[in-house]
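Here are a few exercises to work through with the model open beside you. Try each task before you read its solution.

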Amino acid sequence: MSSTITIAPGSAQPLTVSRLGYGTMRLTGPEIWGEPANRPEALQILRTAVESGVNFIDTADYYGEDVTNRLIREALYPYAPGLVICTKVGATRRPDKSWVPFNTPENLRQSIENNLRTLGQEQIQLVHLRLMGHGPVPLDEQLGAMFELQREGKIQHVGLSNVTRAELEAGLRLGPIATVENMYSYAQRTTVQLPHGHNPGGEEVLDLCEQHQIPLIPFFSLLHALPKSLDKITEVARQHEATPAQINISWLLHRSPWLLPIPGTSSLAHLHENLAAAAIQLSAEDMAYLG
């Protein structure tokens, strides 16, 4: 099992990162809104993750709003060489905490400028276009705006998030797609409808990502696997003297070399637990048993 993964391996500026990243969404307040309940711990989580070898951090300016970006800058700036901060655009939050599209070319430019300013960067290494239902803005117009920002040097690599197989195929026809970020876990592999929207599953695009050497970044990998208390996960966890959360992460790492999990947490203790999952070696028998 490889411990690293390369983003955009065929490009002029590939990015090689450790295969266990960190997703910042859980650092915000309730319902992904407002400041963290324990700000010192949130800052320490970010510092500890990077000190422990994590060099891929996922964020968005609509987390909080803009809470995680400000935490990242406070905790980590000036950024360590090789640290990749990946953000998302294409959505925003309303005062009622709803999630809505923010995907016109003008919206996307505004979001990129906001991310650059808050993070203190001149260029963002990787930006996912989060699809929230196209509405009046077709995919080619959204991606066209992203590629224009890339040509201007504000974005190094463009990715897609929350995409169906058909949308990924369409995106690949429009230009180079560096990464895909979809919901994916041991228990939740295919499309699901949640209160905040429609979420295509990672399993539905994994083979296409592998074919094109596109890292697939699973989100919500723990949220939807653990509450089910799945018997097989529990049994394998017992055999490895691990937690179900750790086996879920390890399953993703073993499922495909093109998976880059980003488990998030607001607990420093859980961060250490998640990072330890990278050392768990699941056998071929384990993987066959888990299915």
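**Exercise 1. Place threonine 68 and find what surrounds it.**

Start with the secondary structure: threonine 68 sits in helix H2, residues 67-76. Helices here are DSSP runs of H or I with at least four residues, strands are runs of E with at least two, and both are numbered from the N terminus.

A word on the ground rules. This is a predicted model, where local features need pLDDT of at least 70, side-chain atom pairs count only at pLDDT 80 or more, and totals for chains, interfaces and linings use all residues. Residues are numbered from 1 along each chain as its sequence is written, and side-chain values use heavy atoms, with hydrogens and water left out.

Next, check the cover. Threonine 68 has a relative accessible area of 1%, so it is buried (under 20%; exposed is over 50%, partly exposed in between, with a 1.4 Å probe and protein chains only).

Last, list the partners. Skip the neighbours within four places in sequence, and threonine 68 is in contact (heavy atoms within 4.5 Å) with Thr24, Leu27, Thr28, Thr59, Ala60 and Tyr63.

**Exercise 2. Is proline 136 buried or exposed, and where is it found?**

Find the loop between strand S7 (124-130) and helix H4 (139-151); proline 136 is there. Its relative accessibility is 79%, so proline 136 counts as exposed.

Now go from proline 136 to leucine 260: the two are 124 residues apart in sequence, and their C-alphas lie 32 Å apart in space.

**Exercise 3. Describe helix H8 and its packing.**

Take the length first. H8 covers residues 244-255, twelve in total, and its first and last C-alphas are 16 Å apart, close to the expected 16 Å (1.5 Å times one less than the number of residues).

Then look at cover: nine of the twelve residues of H8 are buried, among them Trp251, Leu252 and Leu253.

Finish with the packing partners. The buried residues of H8 pack against strand S12 (216-219) and helices H7 (231-239), H9 (268-276) and H10 (284-290).

**Exercise 4. What does the radius of gyration say about the whole chain?**

Apply the globule rule, 2.2 Å times the number of residues to the power 0.38, with the radius taken over C-alpha atoms. For 291 residues a compact globule would come near 19 Å, and the chain has 18 Å, which agrees.

Add the contacts: of those with a separation of 6 or more, 72% join residues 24 or more positions apart. As for cover, 55% of the 291 residues count as buried.
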